[in-house]
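Visitor: Could you take me through one part of this structure up close? I would like to follow a single element and its surroundings.

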Amino acid sequence: MFGWEFPPHNSGGLGVACEGIARALVRAGHDLHFVLPRSYELSEKNISFMYADTKREHLKVTPIVSTLYSPYATSSSYREAVEKGYIEPGPYGNSLLAEVMRYGQQAEAIAKEVDPDVIHAHDWLSFPAAMAAQRATGAPFVAHVHATEYDRTGGNGLNQQVYDIERAGVQAADKVLAVSNFTRQTLITHYGLDPAKSGVAHNGIDSEEKKGMAPVLQDIKNRGGKIVLFLGRITIQKGPDYLMQAARQLLDVRDDTYFVIAGSGDMHDQMVEQAAALGMADRVFFPGFVRGAKIDQLYQSADLFVMPSVSEPFGITPLEALMNKTPVLISKQSGVSEVLNHALTVDFWDTEKMANQMNAVLEHPALYSELSRNGNQEVHTISWDDTATAIDAAYGSVL
Amino acid sequence: MYNIATFTMATVCFYFQVHQPYRLRNFSIFETTHGDLDAPRDYFNDQSETARNNQRVLRKVARKSYLPTNQALLELLEEHPEFRVSFSFSGVALEQFAEFAPEVLESFQRLVKTGQVEVLSETYHHSLAFFYDRDEFHNQVEEHGELIYDLFGVTPRVFRNTELAYNNELGQWADEHGYAGVLAEGWDPVLDWRSPNFVYQPPGAKKTRLLLKNYKLSDDIAFRFSDKNWKSWPLTAEKFTGWVNDHNATRDTSGELINLFIDYETFGEHQWEDTGIFDFLRSLPGALLEHPDNTFMTPSEVIDNHEVHDEVDIPDTVTWADTERDLSAWLGNEMQQSAVKALYELKPHVKEANDSDIMEDWQRLQTSDHLYYMCTKWSNDGDVHAYFNPYDSPYEAFVTYMNVLSDLRERCGRQGKPSKSTASLAVEVS
């Protein structure tokens, strides 16, 4: 299995999903070798990690750790980083792509060493590696798509090289698994995916009873104020600007509400400015990137979690919110809306409706409590083991 | 062992429920806060291409169900002078026929004119007012009676409450108000050892009789007809007649009466034409009448021609819905409870406003369907609920309903919720 990142060394949902999938596959009895591009201190029971930058006798190794680039950087941010001289443009035009291609070069040797029955790769970053392994061993290649360049860029300013790698991976794969029907449809429409060789493996979540934690923003809560939470990368894909517009409308009818926009991203500064321009600078907080226990603390403090994504292949955060018994409002343009019944849903562009729904949750305790209780019950039925079952079926179809 | 000649014939009694709610359009809080409170509200006037558009839904159901079924019944009544059916029409359905499909209303009028069709009494707005506001309930029953008289020239003698919701108190109410009978679900747990196939009476009733739905045979038609996994699929008139005839053979123990209480939209809308439901309907009366001991009666005729078998004590409300047969599909969760509470708490303000538009909106909001759309019992009877729900989710239904209710409250000239002052919530942001 080729991946790009693995918790705790992850920058977002891809690493979390790889971990959930890897563990569930091992539980289901699969013998798993997980390949990562860089060496990390990772210990995970029953998963054998391999690193593409580790010296092998028969390998000419080029250390490929060079930047801190996350798989979520957008094409414009690459360009900016190159222009500002933060990174050296590589042979493919920028450093992340260079890493991806170098990762691919190492994959052949690793694959021969492991001699897999199936090659399973997550997203474009590891597709060149998987394709090399496929060529080297003849083993079938399952491409697992968690996000596409279409989602990341909202369709504008698509990075052609990234798109080409995604497309090549999808075309070369013997089977393509998408994290949702939503994403499967994107692949069929924009990547020429043959529907017949495609399937869906919805993400899961580890079931856990969250401990109650001291709420943050105690001042607000003490005064009966309400908190609406956004948590995710502040990028065009996640739709923070639509939430801002809805927030403005909501504040026109109820003045007790505060918004927490947690995360970082290339639209961060723009959002701070937009909040000020809309006259609600004192109502919108930007605590930055949040990690670990702080995340649960934020979820639990919130009266409502909103995921207004413009294009969300899956979206694990609403499941995390519900694990913490926080009601969720999610965009219809998301994969997670296919597995959650007990959620409010809205088209990301329909900010008036978004404001109406936010208001209703904050106004009516009955709605809050039904969404919280039923959503929490439902999220405990969503498991990575179901994801593994879908993956297992995909393996069966190519073996 | 017994002498067949002394027994009355076995009776089949059809009652069809005809109802269409006024579904709500999307209604935003900003229409209340930023709009003109005196402007027309049009809560029920959705113009979209969705199942919220009442005219669209009504015309579709008219085409697929009401018109072809009425035509079939008209022919059957003519062909078989012994054939009988009864209808209960909600007032809101009749209003929509008059407005969107007058030909449907006319065809129902033709059916009633045959003299072989009885019309039952219910609440005008298909409401659950009996359980919340007895005056309002009584008022709606009266209004309904007037409408039925105006449209059909008849005065109903038999009552059926919304969703067949029944308890002893309703039986008592019907008895006090001179009804010949009330309909209810023949649910085994409340019947104990009794069969639904006799005429009963509420405890202590002087006049009112109780007719109980044979839910097994009724649901064979209404729910299971097109179920290919059902062992009796495909259901034919001959097969169904066989089951009724089986009752005939042992009717001293298993009963002398088969009450088939069915949503009228079963024909052509819930069971589509291609399932063969119309062929079934067209051949059923003839097939049943082939057995010399079978006959048809309307609920009033049943009551006039059958002895009371026993009293049935039903202290807790029984309905015809879901596996629970209670009101939980309408009132089972917190949203439904808080919505219905807010609705009936509005009554004094609605009365005070003394405005016929406000009154009508308030009454239309009492239609039970609005509460049904908020049902979250998805896991068990989920399929049925999702099919009848024009909203994305029960939560969406609740949001819309509460937005409208809050707008109505504002219109009543009442300060609905205390306005939230900025000053009191000024928070030190640290």
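Guide: Happily; here is a walk along one strand and its partners.

This is a predicted model, in which local features need pLDDT of at least 70, side-chain atom pairs count only at pLDDT 80 or more, and totals for chains, interfaces and linings use all residues. Residues are numbered from 1 along each chain as its sequence is written, chains are lettered from A and ligands numbered from 1 in the order in which they are written, and side-chain values use heavy atoms, with hydrogens and water left out.

Our strand is S2 of chain B, residues 85–89. Helices (H or I, at least four residues) and strands (E, at least two) are DSSP runs, numbered from the N terminus. Five of the five residues of S2(B) are buried, so the strand is largely enclosed by the rest of the structure. Buried means under 20% relative accessible area, with exposed over 50% and partly exposed in between (1.4 Å probe, protein chains only). Look at the two faces in turn: Val85(B), Phe87(B) and Phe89(B) lie on one side, while Ser86(B) and Ser88(B) lie on the other, and both faces are covered.

Now for the neighbours in the pairing. Two strands pair if DSSP finds at least two bridges between them. S2(B) runs parallel to strand S1 of chain B (residues 10–18), joined to it by four bridges, and here Ser88(B) has Gln17(B) opposite. With strand S3 of chain B (residues 117–119), S2(B) also pairs in the parallel sense, over three bridges; there, Val119(B) of S3(B) stands opposite Phe87(B), one of the buried residues we have just met.
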